[in-house]
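Here are my notes on the model, set out as numbered points. Please read them with the structure open.

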Amino acid sequence: MIMQYPHTEPDRSGRLSVASISRFLITLVLILITSYTHTVLASPDADKWVHPTRSILQASPEKLPFYPSRASTGDSTLTESMFDVSETCQGCHQEIYHQWKDSVMAQAWRDPIYKALLKRASAATDGKLDNFCVGCHSPIGMTTGQTTPGQPLEAVDVPGVNCETCHNISDISGRDNGAYVLTPDQNTPSKKYGPRQDAESPYHASSYSSLHTRSEFCSACHNVTHPFNGTPIERTYDEWSESAYNEEGIQCQDCHMTPGPGVQQNPGKSALMGKERGKVFSHYFTGGNVTLHNYFNQPEMAERARAMLRSAAKMDFIEAPKSITGGQMATITLKVRNTGAGHKLPTGFPEGREVWVDFQVSDSQGNTIFRSGAVKDGHTEPGTQNFKVTLGDKNGNVVDLNVWEVDRVLSDNRILPKGYALVKYRFMVPTDVQGPLSLNANLNYWPFSQKLVDELLGEGKMKVEIVTMTTAQHSLKLQSRSAFTLHPQKTSTE
Ligand code: HEC
Ligand code: HEC
Ligand code: HEC
Ligand code: HEC
Ligand code: HEC
């Protein structure tokens, strides 16, 4: 099932322009010169993400009541009193409430990283981007007029993405930039849109919505396009829609609304007085942001996020000699597979999300003789084999943080769903070490570097946790040199 929504679709044709070929050649030459020890081969087919066609820009501003957000309300004016607070729902939907309460989406407004970047974006654009950001991070705040563009926003207390947000969405008008249609009806409380055809609640009317059972529901917020120049910034939905998961009918909900990775069973009730259901959809919405959960002191959710990350990838040595002689170059290849994420690994917030290999070789004494992928000065050291998207401004300079300046995708080697990457290392084995050598590779993740946090919030405000998603080990024997070796006294004794 592939649906065409031209305004968000990346180029599917796979055509290569002269510019992209020359860019490719230049990159290749640079790789050959500078990255002699490290070469990342992305999965085939990854190239189209790097040079996507620009999205055709959204409907004209006059047609969008919250421009540059694409949110709409069916021409109604919304007020705060049309929405309940989530604590009202808690009365009957206790479990769901507790799951949601510690989810990242529940913190979407009060997230300090978000607030700090919002403040910068707002100042840099005279408030022109305010509705854009708020439209996804507090839909109710924006549509009820509690957040006024151009006014200081940090101090405003509005809900993040809460119960009433998702369950008053009746439709979507597109697949990015907050294109949900938020339409609480005239009843108090309003009718709730949900996945059941036979839901009966003593408190509210219910309406079946097939949209809620599909990834398209999430697409309104999980595809971010630069509102003024059309550059794709986040593409989680598109990544999923082009993957085998879509073909197999596996939706975002099937991985993010279950009790945990790989667990599909969840019989029970979604509400007091509710019907017994074969499978109740959980509301943890677990992702990878362990650091944010630590910050908000949510240890259970932090552990869920670690488990989610560990379920996402596998890594093996696919090329490594069994033995080697001191003084020789060793060539090692690792295969990193995205086995569990229904989109790229990593996906989402491009300025931050990073997966990388920390590869270490040590001798039998534990001395490190080679390392690539250490963290230095709060970021991964130069030369690290990482999986990340790099965005650029209109002059082709890297944009680290000021996302409003983004004009193009400079590179993107994140691993496609069910795809893999090969990571190569070459290192010199010294002549005077004791074998066997231990080769250790950790596949690490962080939602953003410590450097980025320190820059946004100041030092000591938030500690970034590095999560090891998976590891691989290999032992490499050291062959003694022949009888004519120059330094017989140093020959390995194994
Ligand atoms: C007095 C108890 C009660 C309260 C309060 C309550 N609900 Fe419900 N809700 C129910 C029951 C019972 C069901 C039916 C469950 C079933 O059939 O499995 C239900 C079903 C739902 C459904 C599923 C609808 C469908 O068609 O699939 C949604 C969504 C929902 N509630 C959202 C909310 C939200 C949001 C709030 C807070 C504004 C809320 N509920 C408050 C009792 C309540
Ligand atoms: C990010 C959006 C989102 C938020 C926030 C959210 N829900 Fe849901 N909810 C959904 C979706 C989507 C489904 C349907 C999943 C499916 O069927 O695939 C759902 C399903 C439900 C159901 C039916 C569950 C079942 O299996 O029968 C209830 C009840 C419900 N939600 C209540 C709530 C309450 C109460 C809150 C707040 C504590 C809440 N939701 C917050 C998106 C959301
Ligand atoms: C109204 C907009 C909106 C909708 C609809 C929405 N999301 Fe989100 N979601 C967000 C925002 C905003 C964040 C980021 C909050 C933050 O980090 O401050 C987020 C965060 C998340 C995260 C946590 C990511 C992490 O890094 O840990 C997951 C997982 C997620 N959403 C899944 C879903 C799924 C699945 C759906 C559809 C069922 C969905 N979302 C629908 C806005 C939305
Ligand atoms: C096959 C299971 C699966 C499906 C389908 C899936 N996800 Fe995920 N998702 C994961 C796993 C595993 C992770 C943790 C690894 C990671 O961070 O990429 C994750 C992470 C995320 C994150 C955190 C971003 C990051 O990389 O730090 C977001 C946001 C998210 N998913 C949203 C979605 C949305 C939206 C959809 C549907 C368009 C979706 N997911 C479909 C399994 C899935
Ligand atoms: C189309 C919806 C949408 C818009 C518009 C949007 N965001 Fe987000 N934002 C998201 C989603 C979804 C995530 C979570 C992605 C992930 O987990 O990787 C997110 C994540 C973030 C994060 C990372 C938070 C964390 O704790 O890791 C920051 C910071 C952020 N957004 C800031 C902004 C700012 C500033 C703007 C306006 C310039 C903005 N966003 C506009 C949907 C949106």
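**Notes on the ligand shells, the core and one sheet**

1. Ligand 3 has 27 residues around it, and those that come nearest are Asp111, Cys218, Cys221, Gly287 and Asn289. Four elements each give two or more residues to this shell: α6 (130–137), α8, α9 (216–219) and α12 (252–256). The most comes from α12, which gives 3 residues. By class, the shell around ligand 3 holds 16 nonpolar, 10 polar and 1 charged residues. This is a predicted model, and these shell totals use all residues whatever their pLDDT, whereas local features need pLDDT of at least 70.

2. Around ligand 1 there are 28 residues, with Cys89, Cys92, Gly194, Ser201 and Gly274 coming nearest. The elements that give two or more residues here are α3 (86–90), α8 (163–167), β4 (192–194) and β5 (206–208). Helix α8 has the largest share of this shell, with 3 residues. The class counts for the shell around ligand 1 are 11 nonpolar, 10 polar and 7 charged residues. Note that α8 is listed among the contributors to the shell of ligand 1 and also among those to the shell of ligand 3.

3. Is Thr88 buried or exposed? Thr88 belongs to helix α3. With 16 other C-beta atoms within 10 Å, Thr88 counts as partly exposed, because a residue is buried at 20 or more such atoms and exposed at 12 or fewer. Thr88 and Cys163 are 75 residues apart along the chain, and their C-alpha atoms are separated by 9.9 Å.

4. The largest nonpolar core has 97 residues, and Leu334, Val336 and Val357 have the most contacts inside it. Strand β20 (residues 437–446) gives the most to this core, with 6 residues. Both domain 1 (53–283) and domain 2 (293–490) give residues to the core, so the core lies between them. Leaving aside residues up to four places away in sequence, Leu334 touches Met315, Asp316, Phe317, Ile318, Val357, Val423, Ala441 and Ala472.

5. An open sheet is formed by 3 strands in the order β17-β16-β18, with antiparallel pairing. Its edge strands, β17 (398–399) and β18 (408–412), each pair on one side only. Strand β16 (residues 389–392) is joined to β17 by 2 bridges, and β16 is joined to β18 by 4 bridges. On the β17 side, Gly392 has Val398 as its bridge partner; on the β18 side, Leu391 has Val409.

6. Which side chains of β16 are buried? The side chains alternate along this strand: Val389 and Leu391 point to one face and are buried, while Thr390 and Gly392 point to the other and are not. Leu391 is thus a buried residue of β16 that also bridges to Val409 in β18.

7. The connection between β16 and β17 is a hairpin with 5 residues between the strands. In the turn, Gly396 has a positive phi of about 85°. The strands of this hairpin run antiparallel.

Conventions
Residues are numbered from 1 along each chain as its sequence is written. Chains are lettered from A and ligands numbered from 1 in the order in which they are written. This is a predicted model: local features need pLDDT of at least 70, side-chain atom pairs count only at pLDDT 80 or more; totals for chains, interfaces and linings use all residues. Two strands pair if DSSP finds at least two bridges between them. A residue is near a molecule or strand if its C-beta atom, placed from the backbone, lies within 6 Å of it. Ala, Val, Leu, Ile, Met, Phe, Trp, Tyr, Cys and Pro count as nonpolar, Asp, Glu, Lys and Arg as charged, and the others, Gly among them, as polar. A nonpolar core is a set of buried Ala, Val, Leu, Ile, Met, Phe, Trp, Tyr and Cys residues joined through C-beta atoms within 7 Å. Domain bounds come from an automatic or database domain assignment. Two residues are in contact if their C-beta atoms, placed from the backbone, lie within 7 Å.
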